[in-house]
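Colleague: Could you take me through one part of this model in some detail? I would be glad of the cut-offs along the way.

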Amino acid sequence: MTASGPAGPISPAAPPAAPAETAGRTLDRLASERATGALHGFAGALYLADGALVHAESPAVPDLGRRLTARGRLSPEAWEEAVAEGGPGYRAGSLLVERGRLSRGELELCHLSALFDAAYFVLSPLDPAQRAPDRFLGEARHWLGPIRPVPVPLLRREVVRRRRLLERAWPRPEVDAAPVVRTSGGER
């Protein structure tokens, strides 16, 4: 599927490449064009502002809200309030800091962790049949708002670093996508 926006068509003119290679070239082009919008694919979406990544989301990883509320750092009500009030103005993240719910550093660290985790899955789909992100919606913005923009070269290095860490820990990629199965007799 091909889409276009201010940055032009996304489909590569060359023969098909691996999903991560295709996505990397697309991201490089969008960064050089200082594009703003959302690059969507099978495993999630990457949001760019002026060519830098400002948010990433994937159903394969917990999002920022889940990370902040799971351990009680932020109540679900405080998170929902920030999303409801700040989301329409693309400043839900900033609202949490302004109201003293989180420090700027806490928000940035948690956001970067969520961003890099989601980007890893968007750019490196576990199933080789999954295609690279191929739909760019120009001028689309994420309701969270920019927290800490990440240059595309830094993002690509982080994705490669994470892949190498996983390969070193367990060099069998089929395990990455296999369902977790509870064994009998084991502790929780």
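Modeller: Happy to; here is a close look at helix H5 and its surroundings. The model is predicted, so please keep in mind that local features need pLDDT of at least 70, side-chain atom pairs count only at pLDDT 80 or more, and totals for chains, interfaces and linings use all residues. Residues are numbered from 1 along each chain as its sequence is written, and side-chain values use heavy atoms, with hydrogens and water left out.

Let us start with aspartate 117, which sits in H5 (residues 104-123). Helices here are DSSP runs of H or I with at least four residues, strands are runs of E with at least two, and both are numbered from the N terminus. The aspartate 117 side chain makes a polar contact of 2.7 Å with the side chain of arginine 67. A polar contact is a pair of N or O atoms within 3.5 Å; within protein, one must be able to donate a hydrogen and the other to accept it, and residues adjacent in sequence count only if both atoms are side-chain atoms. Not counting residues up to four places away in sequence, aspartate 117 touches Val61, Arg67 and Arg162, where contact means heavy atoms within 4.5 Å.

Next comes the helix packing. H5 packs against helix H6 (residues 152-169) at an angle of about 80°, and their axes are 9 Å apart. That makes H5 roughly perpendicular to H6, a label for angles of 65 to 115 degrees. Axes are lines fitted to C-alpha atoms, for helices over the stretch in contact, and angles run from 0 to 180 degrees between N-to-C directions. On the H5 side, the contact is made by Leu115, Phe116, Asp117, Ala119, Tyr120 and Leu123; H6 contributes Leu155, Glu158, Val159, Arg162, Arg163 and Leu166. By class, this contact has eight nonpolar, no polar and four charged residues. Nonpolar covers Ala, Val, Leu, Ile, Met, Phe, Trp, Tyr, Cys and Pro, charged covers Asp, Glu, Lys and Arg, and the others, Gly among them, are polar.

H5 also lies across strands E2 (44-49) and E3, running at about 80° to E3. These strands belong to an open sheet of four, in the order E3-E2-E1-E4, with antiparallel pairing; two strands pair if DSSP finds at least two bridges between them. The edge strands, each pairing on one side only, are E3 (52-57) and E4 (135-138). On average, neighbouring strands of this sheet are turned by 20° against each other, direction ignored.

Notes
Angles under 35 degrees count as roughly parallel, over 145 as roughly antiparallel, 65 to 115 as roughly perpendicular and the rest as oblique.
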